[in-house]
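Q: Please take a close look at a single part of the structure shown here. A formal account that explains each term as it arises would be welcome.

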Amino acid sequence: MSIFQPDPDLTALRVTLARLRNDRGWTFDELADRSGLARRTVIDLEHGRGAGNITTWHALAHALDVPIGELLGALCGNHTPPGSQDA
């Protein structure tokens, strides 16, 4: 039996990152400084030139003061998130 695994919506993830950064009026430099990440990393993530890793997204969530699920939840934007279907 094969179980279908939908692709993560990486576009929605980068859009969420951009929205959260812009909502705060922060530049790429400011988010990089607050997260401890390189400016290039922040730019690449927001422009879809990389997916990052869990440590990267954890740092961004802390810098933006949002639950990590608010960031990573965007990955399921084009499908029902795991664990949310009725049993």
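A: A residue is called buried when its relative accessible area is under 20%, exposed when it is over 50%, and partly exposed in between (1.4 Å probe, protein chains only). The model is predicted, so local features need pLDDT of at least 70 and side-chain atom pairs count only at pLDDT 80 or more, while totals for chains, interfaces and linings use all residues. Residues are numbered from 1 along each chain as its sequence is written, and side-chain values use heavy atoms, with hydrogens and water left out.

The part examined is the end of helix 4 (54-64) and its surroundings; helices are DSSP runs of H or I with at least four residues, numbered from the N terminus. Asp 65 lies in the loop between helix 4 and helix 5 (68-72). With 69% relative accessibility, Asp 65 counts as exposed. Its phi is positive, about 60°, although Asp 65 is not a glycine. Most residues other than glycine have a negative phi.

Helix 4 also supplies six residues, the largest share, to the largest nonpolar core. Such a core is a set of buried Ala, Val, Leu, Ile, Met, Phe, Trp, Tyr and Cys residues joined through side-chain atoms within 4.5 Å. This core has 20 residues, and Trp 57, Leu 60 and Leu 64 are among those with the most contacts inside it. Contact means heavy atoms within 4.5 Å. Leaving aside neighbours within four places in sequence, Leu 17 is in contact with residues including Trp 57, Leu 60, Leu 64 and Leu 71.

How values were computed. Helix = DSSP H or I, 4+ residues; strand = E, 2+ residues; numbered from the N terminus.
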